[in-house]
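Reader: I would like to learn how to read the surroundings of a bound molecule, step by step. Could you take me through an example, giving the general idea before each case?

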Amino acid sequence: MTTLAIDIGGTKLAAARVDENLQIRERIERPTPASKTPDALREALAELIAPLQAQAQRVAVASTGIIRDGSLLAINPQNLGGLLHFPLVETVKAITGLPTLAVNDAQAAAWAEYHALADATRDMVFITVSTGVGGGVVSGGKLLTGSGGLAGHLGHTLADPNGPRCGCGRIGCVEAIASGRGIAAAAQGDLAGCDARTLFARAAEGDAQAAQLVTRSAKVLARLIADVKAITDCQRVVVGGSVGLAEGYLTQVGDFLAQQPPVYHVALSAAHYRHDAGLLGAALLAQGERL
Ligand code: ADP
Ligand code: BMX
Ligand code: ZN
């Protein structure tokens, strides 16, 4: 059976045909529409799906946002241009006529990364550092989604009570500081208006402010990982997302984590499936549910 897998992020949309052996056969990537109205998102999804739909028997969507009863509810609407609610499964079913499953992007990625582990780990946490900061928790071999889809939203735990306001309404969330958007929002002077990708490039060229912004994110992420260890006693934390996978970032996170007391130390690795963890996790969940 072929699954049409879709990943909806705050910055980019990806789609692929995934076969029964979890091999990606064809993959497309587009920017998330700038005006993120329900209509614009529906149109972008239809365009993304059209070239891949033939031969697919089901659809699996990994999406940013709380996924509850098939609908997308933004916890941080700023990541989706103000979009609060989107009837995700209903829309994709109407476009494709195929059985459709939807799950939070980081929860999906956690499931794929859990299956990629070669050892006997049963408790692991996936963190994406991307447009936002998302998380997925596997505990005792089970993916936690929560009764309302909120489980694992680690980006909205507290990093700094005096920090910036997060789009979710809280002050000082991890996401408001460590995410791609959080990094970009703190840039000043000649770097004001630069996105995180540009800031990483500047940091690599030796710009002190850019380097400090990257370090601030890595420090906050390391503290989050120590908290995650205390809460879940996981054996591994896997990091993904374009910021999380950026050169040198995870090494910095590991260095800051090493400065915490040993009880908070945990094995760290970059996502095995790199930028495809969400797509593949959603496909795996659809296989598991025999959708
Ligand atoms: P999404 O959030 O849509 O899943 P990404 O995982 O690509 O997408 O995350 C987007 C964020 O990552 C943006 O803030 C972008 O500026 C940043 N980014 C993209 N590429 C890089 C890179 N090579 N190095 C550092 N940051 C990057
Ligand atoms: C936000 C939240 C999470 C998501 C995370 C990473 C929204 C729209 N999204 O915390 O559900 O998992 O961002 O999302 O509220 P990404 O787009 O950065 O991959
Ligand atoms: Zn928040």
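Author: A good place to begin is with polar atoms that lie within 3.5 Å of each other, since such a pair counts as a polar contact. In this predicted model, a polar backbone atom of Asn76 is 2.8 Å from an oxygen atom of ligand 2, and a backbone N or O atom of Ile75 likewise lies 2.8 Å from an oxygen atom of that ligand.

Reader: Which side chain has an N or O atom 2.7 Å from an oxygen atom of ligand 2?

Author: That side chain belongs to Asp105. Taken alone, ligand 2 exposes 460 Å², and the protein buries 97% of that area.

Reader: Which residues come nearest to ligand 2, and how does its shell divide by class?

Author: One reads a shell by listing its residues and then sorting them by class. Around ligand 2 there are 19 residues, of which Asp105, Ser130, Gly132, His153 and Glu175 come nearest, and the shell divides into 4 nonpolar, 13 polar and 2 charged residues. As for its place in the protein, ligand 2 sits in the largest pocket.

Reader: Where does ligand 1 sit, and which residues come nearest to it?

Author: Ligand 1 sits in the largest pocket, and of the 15 residues around it, Thr11, Lys12, Ser130, Thr131 and Ser242 come nearest. By class, the shell of ligand 1 has 4 nonpolar, 8 polar and 3 charged residues, while helix H6 (196–204) and helix H8 (241–244) each supply at least two residues of that shell.

Reader: What are the distances from oxygen atoms of ligand 1 to polar backbone atoms of Gly10 and Lys12?

Author: For a polar backbone atom of Gly10 the distance to an oxygen atom of ligand 1 is 3.3 Å, and for one of Lys12 it is 2.8 Å. A side chain takes part as well, for an N or O atom in the side chain of Ser242 is 2.6 Å from an oxygen atom of ligand 1. Taken alone, ligand 1 exposes 560 Å², of which the protein buries 83%.

Reader: Turning to a single residue, is Ser71 buried or exposed, and why?

Author: The general idea is to compare the relative accessible area with a cut-off, and a residue is called buried under 20%. Ser71 is buried because its relative accessible area is 16%. Ser71 has its place in strand E6 (residues 71–73), and its side chain makes a polar contact of 3.3 Å with the side chain of His85.

Terms used
Residues are numbered from 1 along each chain as its sequence is written. Chains are lettered from A and ligands numbered from 1 in the order in which they are written. This is a predicted model: local features need pLDDT of at least 70, side-chain atom pairs count only at pLDDT 80 or more; totals for chains, interfaces and linings use all residues. Side-chain values use heavy atoms; hydrogens and water are left out. A residue is near a molecule or strand if one of its heavy atoms lies within 4 Å of it. A polar contact is a pair of N or O atoms within 3.5 Å; within protein, one must be able to donate a hydrogen and the other to accept it, and residues adjacent in sequence count only if both atoms are side-chain atoms. Accessible areas come from the Shrake-Rupley method with a 1.4 Å probe; for residues, only the protein chains shown count as cover. On a 1 Å grid over the protein atoms alone, a cavity is a set of points where a 1.4 Å probe fits but cannot get out, and a pocket is an open set with protein on both sides within 12 Å along at least five of seven lines; lining residues have an atom within 4 Å of a point. A molecule sits in a cavity or pocket if more than half of its atoms lie within 2 Å of its grid points. Helices (H or I, at least four residues) and strands (E, at least two) are DSSP runs, numbered from the N terminus. Ala, Val, Leu, Ile, Met, Phe, Trp, Tyr, Cys and Pro count as nonpolar, Asp, Glu, Lys and Arg as charged, and the others, Gly among them, as polar. Buried means under 20% relative accessible area, exposed over 50%, partly exposed in between (1.4 Å probe, protein chains only).
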